[in-house]
Amino acid sequence: MKALLVRDLKLAIRAGGGFGLGLAFFLIVVVLVPFAVGPETALLTRIAPGILWIGALLACLLSLDRILALDREDGSLDLIATAPLPLEAAVSVKALAHWLTTGLPLVIAAPVLGVLLNLRGEGYGWLVVSLAIGTPALSVIGTFGAALTVGIKRGGLLLSLLVLPLYVPVLIFGAEVARRGAEGLSVATPLALLGAVTCGTIALLPFASAAVLRVNLR
């Protein structure tokens with residue numbers, strides 16, 4: 001598992017789906033928002049948590065098609081499927097590699113970009129917490145979508161359409177945690193729901209992804 005994780009990390013960075021691409025897109029979204037909505041600081045402060053979460057979600061979408069497509073192209077996916085390592089574990093490792101190269105950098109960069117949107121000081125900590133809890137679910141869901149479309153040429157658009165509805169609960173609860181935290185309100189309920197969604201996806205979707213892959217590789 002460790003060797004597979006290291007391989008996927010190197011492959012993601014070499015293929016251009018690593019740290020730079022997601023962070024650049026995240027930065028572009030955050031920078032463009034003030035130009036679109038105007039320079040009103042009160043408005044930017046109010047919408048900052050939601051905009052930061054939307055930017056993180058869209059940045060995660062950029063590299064989803066690379067999770068399994070590159071392995072499919074060079075034939076290594078067939079080797080992974082027939083290896084002694086359970087396919088469910090291999091899928092989990094690939095989701096972890098995607099989070100390490102995409103989700104984790106976004107979690108680290110979010111507080112810095114929050115300054116551009118005039119995020120309230122109380123909201124920085126809760127923004128990081130919500131992204132740290134929610135972005136693993138985005139990677140696991142994205143891996144499931146990648147498994148569904150692995151046999152389709154140029155299936156990036158279809159992949160985005162498939163996973164976006166599944167991303168909605170994570171977006172709602174994650175943005176609500178950041179918003180309530182910034183306003184000094186209780187975050188217990190949305191934080192618990194966000195954690196439940198993440199735990200549920202991590203527990204269930206690797207098995208669904210493995211089952212889909214077995215069907216697509218027949």
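In the predicted model, threonine 45 is buried, with a relative accessible area of 10%, a value that falls under the 20% limit applied to buried residues. The residue belongs to helix H3, which spans residues 41–61, and, when neighbours within four places in sequence are left aside, threonine 45 is in contact with Leu117, Asn118 and Arg120. Of these partners, asparagine 118 is placed in the loop between helix H6 (87–114) and H7, and at 36% relative accessibility asparagine 118 counts as partly exposed. Its backbone is also notable, since asparagine 118 has a positive phi of about 60 degrees although it is not a glycine. Most residues other than glycine have a negative phi.

Leu117 recurs among the contacts of valine 33, a residue of helix H2 (residues 19–37). Valine 33 is likewise counted as buried, at 11% relative accessibility, and, apart from neighbours within four places in sequence, valine 33 is in contact with Leu44, Ile47, Ile51 and Leu117. By contrast, the C-alpha atoms of valine 33 and serine 76, which are 43 residues apart along the chain, are separated by 41 Å.

The largest nonpolar core comprises 54 residues, and those with the most contacts inside it are Phe26, Leu52, Leu68, Leu117, Leu127, Tyr167 and Leu213. For leucine 52, the residues touched, not counting those up to four places away in sequence, are Phe26, Val30, Ala110, Leu113, Gly114, Leu117, Leu119 and Leu127. Leu68, another of the core residues with the most contacts, is one of the buried residues of helix H4 (residues 66–74), together with Ile67 and Asp71. These three residues lie on the same side of H4, because they cover an arc of only 60 degrees around the axis. An α-helix has 3.6 residues a turn, so residues three or four places apart point the same way. Glu73 and Asp74, on the other side of H4, are exposed. Just after H4, glycine 75 adopts a positive phi of about 85 degrees.

Helix H7 (residues 123–148) contains alanine 137, which is buried with a relative accessible area of 0%. Not counting residues up to four places away in sequence, alanine 137 touches Val170, Thr198 and Thr201. Although alanine 137 and threonine 198 are 61 residues apart in sequence, the C-alpha to C-alpha distance between them is 4.8 Å.

Val170, a contact of alanine 137, also takes part in the packing of helix H8 against helix H9. The axes of H8 (residues 156–182) and H9 (residues 188–216) come within 9 Å and cross at roughly 145 degrees, and H8 passes H9 in a left-handed crossing. On the H8 side the contact is made by Val170, Phe173, Gly174, Glu176, Val177 and Arg180, and on the H9 side by Pro190, Leu191, Leu193, Leu194 and Val197. Sorted by class, the contact of H8 with H9 consists of eight nonpolar, one polar and two charged residues.

Definitions and conventions. Residues numbered from 1 in each chain as written. Predicted model: local features only at pLDDT ≥ 70, side-chain atom pairs only at ≥ 80, totals over all residues. Heavy atoms only, no water. Core = buried A, V, L, I, M, F, W, Y, C linked by side-chain atoms within 4.5 Å. Buried < 20%, exposed > 50% of the residue type's maximum accessible area, 1.4 Å probe, protein only. Contact = heavy atoms within 4.5 Å. Helix = DSSP H or I, 4+ residues; strand = E, 2+ residues; numbered from the N terminus. Arc of directions from axis to C-beta. Axes fitted to C-alpha atoms, helices over the stretch in contact; angles between N-to-C directions. Left-handed = near helix turned anticlockwise from the far one by under 90°. Nonpolar A, V, L, I, M, F, W, Y, C, P; charged D, E, K, R; others polar.
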